[in-house]
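Here are a few exercises to work through with the model open on your screen. Try each one yourself before reading the solution.

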Amino acid sequence: MGDLQKSVEQFLYRKAELCDRHAWDDYLELFDEGSEFHIPQWDSEHVYTTDPKRGMSMIYYSNRAGLEDRVFRIRTGKSAASTPLPRTLHLVSNVIIQDVSDSQLEVKAKWVTHYYRFGVASHVFGDVTYTLKPAGNSWVILRKHVVVMNDTIDAVLDFYHV
């Protein structure tokens, strides 16, 4: 496996681990201050919204401040939907580096998150596309675009599910 592929995979595995451990400060540091986080809503069976400013989204943050606000609400107990936080296990696979330029990468991957809360175990799954830029000997996320494949989700969907 090439060094670039291994580096990207290790970054994504670390992101998943930080989320599972609720290591929110380290998790947030993986996102650039201007990073976009988008989970579009499905328009029909095979078509989802593409413009978060014109179509419906399950989650849309135009920059990292949206994630920071969610973390603040979780930490202060001001998020009823996240109290208590579910136990999560994030799995990442099929990591493909799509496009490489001097300053950034486009990376696609598949993911499954198993979660447990209030005596119920469930899962969410889908595709994700990241835009990454180099940061020291690792990466930082400029954009995270998640497509959730589930038709039904048994919980309020939040950033830590994906």
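**Exercise 1.** Find the loop that holds His 22, then work out whether His 22 is buried, partly exposed or exposed.

*Solution.* Start with the place: in this predicted model, His 22 sits in the loop that links α1 (3–20) to α2 (24–29). Next, check the backbone. Phi of His 22 is near 60°, a positive value, and this residue isn't a glycine. Now the surface: the relative accessibility of His 22 is 29%. Buried needs under 20% and exposed needs over 50%, so His 22 counts as partly exposed.

**Exercise 2.** Do the same for Phe 118: which loop is it in, and is it buried or exposed?

*Solution.* Look between β4 (105–117) and β5 (120–135), and you'll find Phe 118 in the loop there. Its phi is near 55°, again positive in a non-glycine residue. The relative accessible area of Phe 118 is 61%. The cut-off for exposed is over 50%, so Phe 118 is exposed.

**Exercise 3.** Track down the cis peptide bond that leads into Pro 84.

*Solution.* First go to the loop between α3 (64–75) and β3 (87–100), where Pro 84 is found. Then read omega for the bond from Thr 83 to Pro 84: it's near -5°, and the bond is cis.

**Exercise 4.** Which residues touch the most other members of the largest nonpolar core?

*Solution.* That core has 37 residues, and the best-connected ones are Val 8, Phe 37, Val 107, Leu 132 and Phe 159. Now zoom in on Val 107. Skipping neighbours within four places in sequence, its contacts include Val 8, Leu 12, Ile 96, Val 128 and Leu 132.

Definitions and conventions
Residues numbered from 1 in each chain as written. Predicted model: local features only at pLDDT ≥ 70, side-chain atom pairs only at ≥ 80, totals over all residues. Heavy atoms only, no water. Core = buried A, V, L, I, M, F, W, Y, C linked by side-chain atoms within 4.5 Å. Buried < 20%, exposed > 50% of the residue type's maximum accessible area, 1.4 Å probe, protein only. Contact = heavy atoms within 4.5 Å. Helix = DSSP H or I, 4+ residues; strand = E, 2+ residues; numbered from the N terminus.
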